[in-house]
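Here are a few notes to read alongside the model. Have a look at it first, then go through the points.

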Amino acid sequence: MSNINVAIVYYSSTGTNYQLAQWAKEGAQELGAAAKVLKVPELAPEAAIEQNPAWKAHMEETKDVPEVTLDDLENADAIIFSVPTRFGNVPGQMKQFLDTTGGLWFNGKLANKAVSAMSSASNAHGGQEATILALYNTMYHWGAIVVAPGYTDPVAFESGGNPYGTSVTVSQDGKMQEDVEKAVKHQARRTVEVAQWIQHGTK
Ligand SMILES: Cc1cc2nc3c(=O)[nH]c(=O)nc-3n(C[C@H](O)[C@H](O)[C@H](O)COP(=O)(O)O)c2cc1C
């Protein structure tokens, strides 16, 4: 059994990244880690959500998912992020949350966390890699240890082959175009494994 705590922190409007987060939780649990899925607060105006039935339905479906707190980050050995692209960048909802981590960062509380990220977009070349890399910028400032999946398992080749983090293309009706479940689970297990190495090396 591992004694690794994993926080899986996501933003999702229409459910894709929530599903990726759930798969990541299952992957982490396969190695015996304690994993929880946590959402960042929604910032979009009510009127915008009301206009999009899929967004509204997803908000309702996930109303009981706990919102992430700074304590969740501090207590985690590993953090896995999942976000949809927004113009090739990190959604404002996630960015706003990351921008509240200044105190933890200042006190060195985010250094040496094992971190990894996933993403989705409507288009295969619509910014999936750019979004993950943009998210990692913050991780480097934290002094976290970025755990990229690379091509460490053959599942990478079946799932779109994004070495920075698993990502998926989503059609307008919300269907994932690549089968990424195994790649997500591999990424989560690898992140837990690296968190264990860090723990063994520092305690
Ligand atoms: C404001 C906005 C910007 C977006 N920008 C892009 C983009 O640059 N490239 C792209 O392929 N998809 C883009 N999308 C589509 C989303 O990335 C897609 O709906 C999302 O990955 C679905 O994830 P979710 O179901 O977790 O919300 C954008 C969507 C919105 C609302």
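The points below go from the whole chain to two helices and the ligand.

1. First, some ground rules. This is a predicted model, where local features need pLDDT of at least 70, side-chain atom pairs count only at pLDDT 80 or more, and totals for chains, interfaces and linings use all residues. Residues are numbered from 1 along each chain as its sequence is written.

2. The chain has nine helices and six strands (DSSP runs, H or I of at least four residues for helices and E of at least two for strands, numbered from the N terminus). Its radius of gyration is 16 Å, close to the 17 Å of the globule rule for 203 residues, so the chain is as compact as a globular protein of that length (the radius is taken over C-alpha atoms, and the rule is 2.2 Å times the number of residues to the power 0.38). The C-alpha trace spans about 50 × 40 × 30 Å along its principal axes.

3. Of the 203 residues, 43% are buried (20 or more other C-beta atoms within 10 Å of the residue's own, with C-beta atoms placed from the backbone).

4. UniProt, in an unreviewed entry, lists residues 6-192 as "domain: Flavodoxin-like"; such annotations may be inferred rather than shown by experiment. That span is 42% helix and 17% strand, and its end C-alpha atoms lie 8 Å apart.

5. Now helix 7, residues 128-142: its end C-alpha atoms are 22 Å apart, which agrees with the 21 Å expected for 15 residues at 1.5 Å a residue (1.5 Å times one less than the number of residues). Its buried residues include Ile132, Leu135, Met139 and Trp142. The buried residues pack against, among others, strand 3, helix 5 (92-98) and strand 4, where contact means C-beta atoms, placed from the backbone, within 7 Å. Just after helix 7, glycine 143 has a positive phi of about 80°.

6. Helix 9 (residues 181-202) has 22 residues, and the 32 Å between its end C-alpha atoms agrees with the expected 32 Å. Buried residues here include Ala183, His186, Arg190 and Val192. Among the partners that the buried residues of helix 9 pack against are strand 1 (5-10), helix 1 (16-30) and helix 8 (155-158).

7. Which residues are closest to the ligand? They are Ser12, Thr16, Pro84, Ala121 and Gly126, out of 18 that surround the ligand (C-beta atom, placed from the backbone, within 6 Å of the molecule). Helix 1 and strand 4 each supply at least two residues of this shell.

Conventions:
A residue is buried if 20 or more other C-beta atoms lie within 10 Å of its own, exposed if 12 or fewer, and partly exposed in between; C-beta atoms are placed from the backbone. Two residues are in contact if their C-beta atoms, placed from the backbone, lie within 7 Å.
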